[in-house]
Amino acid sequence: MSKKSKDNIGLGFWETVKNNFYALGFVWSMSKSYVVHAFFSNAIGYFNWVFFSAYFIRYIIQAVTGGEAVSTVYLYIGMVAALMCVLILYDRYVDRVVKPLKEVELYQRMYSVFYHKAENVELECFEDTEFYNRYTMAVDQACEKMTKIVWEMTNIICAAIAGISTYVLMYRMDPRMLLFVLSPIVGSFVFGTIVNKLNFAIYQEVTPDNRKTEYVNRVMYLGEYAKEMRLSNIFQVLKRTYEEAVEHRIRVVKSYISRLIPNAFLQFYLSYIIIFEGLMLYGAYQTMVVHRLSLADLSILSSMMVTASWILVRIGNSMVTCSQNGMFVYNIRTFMSYEEKIPEDAKGDLPEREIESIEFCHVSFSYRGGKEVIHDLSFKIGRNESVALVGHNGAGKTTILKLLFRLYDPNEGVILVNGRDIREYDLEAYRNLFAAAFQDYKIFAYSIMDNVLMERQVEDPEKVTVEALKRAGVYEKVMSLPQGIHTMLTKEFKEEGAVLSGGEYQKIVVARAFANPAPIKVFDEPSSALDPIAEYDLFQAILEESQDHLMFFISHRLSSVKDADVVYMLEEGRLIEQGTHGELMEQNGKYAQMYRMQAKNYQPEESDLEVEWDAIG
């Protein structure tokens, strides 16, 4: 058993109570009427139960044995029937109308809060396995668990009131009967709590396995993986991953069996068997042997014993359910109470849209306290300059962009935009300074126009989309599709959705950056899926964009960065060379060495292209 599971098994009673009241308050803050309806619906159920099993039967027996007029008895029954009809109609209305409609509204509000929180936490959290596991456990059926707690908590309150009134009647008949109440209390509150904690510990330990099996299930039906699966043996890896996850889940369950089974048996035996069988045997003994109770009393007592027993059982079950769900709510509480290091809604000063300079001042950075990937980095670029970041894989190029976007903050040093620390700016407004096309881009299962504009509000959406697609060199392909820019991408939701090539998708992602009027444009390996000619055309369009914008771009092919205003050569997070392409070639350093090596590897291709490019020029 992991330490984390042990810690959660030890979650105290009062902590569980706090979790349940947190859930109750959470739902109350979103829909007070839902909580009120839940209370009255439970109250009606217990009122009917206690009234008929104790007071109604007692009145009827006393009326019959006491010679009460038949008309009076019938009038009483009629009034009770009318009242019950009204209460039942209300209960059905809550169950069939209020509950479903309110829960749809509640779920929408709850998940809006959860997703806003997830959106607000920094990127680093989603790269933290422990945090991500807690996040997935928090939102896993979170709304169902929260609303379940509302019904169980109101059930406990109503059941306690109903139980007290029943026990008062039983006490008046025979005080010793209340001793049987101890059995379900021990069964439900002691052994039931243990069973719930063990089940919760199992759930926590198998959550990573559930994620693995869900991943395999997802990969198996997504078309984008079909080609690789048919041209390789990766299916065997997926199968092995799935089987290992299932086997681990089985081992986890087996490790708890020795404690789970005896506690579950004691919970059932004490909660059900002793109180039902014990009370009935005791009542029969008092009637048939001791003669302390009449048959009429036994009849009333039997009805009340069943009611009292079930009330205790239901309280116990509700307590157990609340205990279990309360432990799940613990994940929600810790997730919701997490204090973001870089909250997405961080407020600050609004940055100027005119970018005069960007400066890195002695910036160092490491991911999650690991090895530094950026070391004492300093550079400054000016208005409308185009900057190329080059270097081998792992040199820190993409990390620099992440720091510039403020997806992370430096461990040391400062980043200045227009001479001010970027941490002083309103984060949303600051991020709006950037238009980016990433290497690890994502295409969404929406229209091409949606994928280009990304919900950005513009005066003429179609015109902006068309112009961006033309500049990215993919307009003709898009217009060859049945619905043009309104064509759905991927077949996720529509069979007629378009599936494009990797290079075409990449051009659509570049069009996103072209459609965004932000003053800083960033292109991270925007042409990795393109052939050399298409790459050349795309970089010409990107360089034209730099005439009115400050530009960052990363490219694996150094021939594409020759026209950049400045080239920064990086190695293991350090800036080792900087200058124009010509200056770096004259220095004859590592940049020149890398450039010549690429030129040698692609000499036929490059020489042909140079002739063609010169002709174009």
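Begin by selecting Asn48, a residue that counts as buried because its relative accessibility is 16%, below the 20% under which a residue is called buried. The model on the screen is a predicted one. Asn48 belongs to helix H3, which covers residues 32–65. Now display what surrounds its side chain and backbone: apart from neighbours within four places in sequence, Asn48 is in contact with Met84, Leu87 and Ile88.

**The whole chain**

Zoom out until the entire chain is visible. How many helices and strands are there in the chain? The chain has 21 helices and 10 strands. Its radius of gyration is 35 Å, well over the 25 Å that the globule rule gives for 617 residues, so the chain is more spread out than a compact globule. Rotating the view to follow the principal axes shows a C-alpha trace that spans about 120 × 50 × 50 Å.

Colouring by accessibility gives a second overall view: 47% of the 617 residues count as buried. The accessible surface of the chain comes to about 31,600 Å², and carbon and sulfur atoms hold 57% of that area. If contacts between residues at least 6 apart in sequence are considered, 75% of them join residues at least 24 apart. Colouring by charge, one finds 62 positive and 78 negative side chains, with the centres of the two sets 10 Å apart.

**Salt bridges**

The structure holds 14 salt bridges, and three of the pairs are visited here. Select Asp95 and Arg96, whose side chains meet in a salt bridge with an N to O distance of 3.5 Å. Asp95 is partly exposed, at a relative accessible area of 42%, while Arg96 counts as exposed at 61%.

Move next to Arg109 and Glu105. The closest N and O atoms of this salt bridge are 2.7 Å apart. Both residues lie in helix H4 (residues 70–120), where they are 4 residues apart, about one turn of the helix. An α-helix has 3.6 residues a turn, so residues three or four places apart point the same way. Are these partners buried, partly exposed or exposed? Arg109 is partly exposed, with a relative accessible area of 34%, and Glu105 is also partly exposed, at 31%.

The third pair is Glu424 and Arg420, whose side chains form a salt bridge of 2.8 Å, N to O. Glu424 counts as partly exposed at 39% relative accessibility, and Arg420 is partly exposed at 30%. Add Asp349 to the selection: salt bridges that share partners join Asp349, Arg420 and Glu424 into one network.

**Two strands**

Select strand S4 (residues 412–417) and find Val414 within it. Which residues does Val414 touch, not counting residues up to four places away in sequence? They are Glu359, Phe360, Cys361, Val363, Asp421 and Arg423. For a distance across the model, pick Val414 and Lys347: these residues are 67 apart in sequence and 19 Å apart in space, C-alpha to C-alpha.

Strand S3 (residues 386–390) is the next selection, and Val390 has its place there. Val390 is buried because its relative accessible area is 0%, which lies under the 20% limit. Leaving aside neighbours within four places in sequence, Val390 is in contact with Lys397, Ser555, Leu558, Val561, Val567, Tyr568, Met569, Leu570 and Tyr591. Val390 and Leu543 are 153 residues apart in sequence, and their C-alpha atoms are 16 Å apart in space.

**A helix and three backbone angles**

Select helix H6 (residues 129–139). Its buried residues are Phe131, Asn133, Arg134, Tyr135, Met137, Ala138 and Val139. Just after H6, Gln141 takes a positive phi of about 55 degrees.

Where does Arg406 lie? Arg406 is in the loop between helix H12 (397–404) and S4. Its phi is near 60 degrees, a positive value in a residue other than glycine. Arg406 is also buried, with a relative accessible area of 8%.

The tour ends at Asn588, in the loop between helix H19 (581–587) and helix H20 (590–601). Asn588 has a phi near 55 degrees, again a positive value in a residue other than glycine.

Key: Residues are numbered from 1 along each chain as its sequence is written. This is a predicted model: local features need pLDDT of at least 70, side-chain atom pairs count only at pLDDT 80 or more; totals for chains, interfaces and linings use all residues. Side-chain values use heavy atoms; hydrogens and water are left out. Helices (H or I, at least four residues) and strands (E, at least two) are DSSP runs, numbered from the N terminus. The radius of gyration is taken over C-alpha atoms; the globule rule is 2.2 Å times the number of residues to the power 0.38. Buried means under 20% relative accessible area, exposed over 50%, partly exposed in between (1.4 Å probe, protein chains only). Contact means heavy atoms within 4.5 Å. Accessible areas come from the Shrake-Rupley method with a 1.4 Å probe; for residues, only the protein chains shown count as cover. Lys and Arg count as positive and Asp and Glu as negative; His and the chain ends are not counted. The place of a charge is taken as NZ of Lys, CZ of Arg, CG of Asp or CD of Glu. A salt bridge is a side-chain nitrogen of Lys or Arg within 4 Å of a carboxyl oxygen of Asp or Glu.
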